[in-house]
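Please open the structure in your viewer and keep the sequence panel beside it, since this tour moves from one selection to the next and describes what is found at each stop.

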Amino acid sequence: ISGTPVGSGEIKIYATGAVTYFDCVSKVDGPGITKLDVSNAAELTELYANGNKLTTFDGSKLTKLTRLELHNNSLTEVNLPSSLTTLKLDNNQLTSFDGSNCTLVTTLYLSYNNLGTLDVSMMPALKSLYALNCGLTSVNAPLKVAKAYISVNNNKLETLDVTEATGLENGSLFAMGNNLTEVKLPNVKVKSVNISKNKFTLATIPATANVTTLTYAPQQDMEIADIDGTIDLSAQNNLTGFATEAKPTVYAWYAEDGTALVAGTDYTEEAGKFTFVKEQAQKVYCTMTTEALPKFTGTNIFKTIAVTVKAAGGSTEPQTPIITLTVEAESIGKERTFEFGSGVADNKISIDWGDGTIVEEATIAGVYDGWEVPVTEISGTPVGSGEIKIYATGAVTYFDCVSKVDGPGITKLDVSN
């Protein structure tokens with residue numbers, strides 16, 4: 001029935017018999033209804049008033065109403081009948097929801113309301129819950145109905161406990177886009193779980209056989225502090241995940257503009273623990289991949305936030321010499337010259353000439369190729385015991401310690417490192 005509102009705009013509808021269905025839907029971006037009184041339409045079973053400008057709704061006298069759709073209004077308060085089985089209240093201005101009178105509701109839409117917290121434990125018939133973008137920090141949704149569906153995407157949840165939601169057997173749970181670091185699942189076989197775009201790390205992903213399809217990638221960038229020389233990421237290493245045994249994690253560091261940092265030149269690693277050899281002009285971030293969690297790849301790779309390297313990690317000297325040699329006693333106090341070729345750029349060579357003091361001798365800027373980048377000569381005087389230790393921050397590919405045949409020479413040479 002169509003007509004044109006006139007006068008005050010208050011429209012009254014009369015009927016000689018029962019009306020069981022009523023639809024007064026308006027376009028969201030057009031003029032709508034500001035007040036709706038259906039208290040005398042006691043036979044209604046379905047009511048559709050979405051897309052209006054309602055701020056309150058009282059349906060307490062509609063004892064036969066089973067389907068109520070009020071989404072896309074401006075509701076701050078609703079009074080609901082106990083007969084409902086389907087309720088749509090999404091995209092309103094509700095700050096709380098009380099479902100204690102909705103014991104028959106099987107499908108509930110509450111998305112885009114600023115609820116903060118949600119408890120639907122008093123709704124035993126509930127099978128499908130949609131509560132996206134509600135600013136939720138806590139949810140209690142122990143759904144028991146078989147093949148249940150729960151969607152709490154894009155909220156503020158840090159933990160989620162659905163261990164009592166046994167209805168998720170062969171059902172689905174969607175909790176992407178929160179701040180989750182922990183999720184507790186029921187001890188049943190869940191068909192689908194999506195926990196992507198949260199704050200899980202490689203070490204905290206709930207890799208369980210009780211989920212048929214687990215979507216865990218991507219995650220939010222892992223938060224780490226600015227690096228004051230060293231950083232320990234070893235907790236993300238040697239994980240089993242979905243593999244049959246522990247798998248190593250492959251780490252790679254990048255400058256904020258995507259330029260790859262070079263191991264041995266920019267940093268050193270020992271089992272997931274990193275020491276930065278020098279400060280970095282840009283912020284840096286670390287990517288991590290592992291066969292244990294293979295979906296972290298490509299655009300979904302797991303990585304840290306970009307942080308500042310505030311200082312190199314303590315002494316920039318390596319702890320282990322790459323070359324150790326001993327000269328004859330006649331060489332003590334007499335200058336010797338060694339030649340080096342570097343396998344990496346900016347390779348710093350330091351030498352202990354025999355008295356236990358490591359002296360930075362040279363930084364080799366270019367990579368040795370035998371022609372355009374020649375060898376680098378370093379001269380010094382053996383002292384003390386004559387045992388000389390040579391250190392490098394990167395790979396050395398060429399070394400020359402030749403002596404004159406008729407002069408003092410080297411008696412021991414260890415190049416095992």
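## A tour of selected residues and strands

Begin by selecting Tyr267, which counts as buried because its relative accessibility is 6%, and the cut-off for that word is under 20% relative accessible area. Keep in mind throughout that this is a predicted model.

**Stop one: the aromatic rings.** Add Phe276 to the selection, which is also buried, with a relative accessible area of 1%. Tyr267 and Phe276 form a tilted aromatic pair, with 5.9 Å from centre to centre and 45° between the planes.

Now show the whole cluster by selecting Tyr251, Trp253, Tyr267, Phe274 and Phe276, which together form one aromatic cluster. A search of the whole structure finds 18 aromatic pairs. One of them joins Trp253 and Phe276 in an edge-to-face arrangement, with centres 5.1 Å apart and an angle of 85° between the planes. Trp253 belongs to strand β18 (residues 249–255) and Phe276 to strand β20 (residues 273–276), so this pair ties together parts that are 23 residues apart in sequence. Trp253, at 1% relative accessibility, counts as buried.

**Stop two: a lysine and a ring.** Select Lys88 together with Tyr109, and turn the view until the ring can be seen from the side. Lys88 lies over the face of Tyr109, at 4.7 Å from the ring centre.

**Stop three: a loop residue.** Move next to Thr304, which is found in the loop between β22 (302–303) and β23 (309–312). Is Thr304 buried or exposed? At 1% relative accessibility, Thr304 counts as buried. If you leave aside the neighbours within four places in sequence, you can display the residues in contact with Thr304, namely Asp221, Met222, Ile224, Tyr285, Cys286 and Met288.

**Stop four: an open sheet.** Switch to a cartoon view and select the five strands that form an open sheet in the order β27-β26-β29-β24-β31, where the pairing is antiparallel. Which strands stand at the edges of the sheet? They are β27 (358–364) and β31 (410–414), and each has a single partner strand, so one side of each is left without a neighbour in the sheet. As you follow the sheet across, the twist averages 20° from one strand to the next.

Finally, look at strand β24 (residues 323–327), which runs antiparallel to β31 and is joined to β31 by four bridges. To end the tour, select Thr326 and Lys412, because Thr326 stands opposite Lys412 in β31.

Technical notes: Residues are numbered from 1 along each chain as its sequence is written. This is a predicted model: local features need pLDDT of at least 70, side-chain atom pairs count only at pLDDT 80 or more; totals for chains, interfaces and linings use all residues. Side-chain values use heavy atoms; hydrogens and water are left out. Rings of Phe, Tyr and Trp (its six-membered ring) pair if their centres lie within 6.5 Å; planes under 30 degrees apart count as stacked, over 60 as edge-to-face and the rest as tilted. Helices (H or I, at least four residues) and strands (E, at least two) are DSSP runs, numbered from the N terminus. Buried means under 20% relative accessible area, exposed over 50%, partly exposed in between (1.4 Å probe, protein chains only). A charge sits over a ring if NZ of Lys or CZ of Arg is within 6 Å of the ring centre and within 35 degrees of the ring normal. Two strands pair if DSSP finds at least two bridges between them. Axes are lines fitted to C-alpha atoms, for helices over the stretch in contact, and angles run from 0 to 180 degrees between N-to-C directions. Contact means heavy atoms within 4.5 Å.
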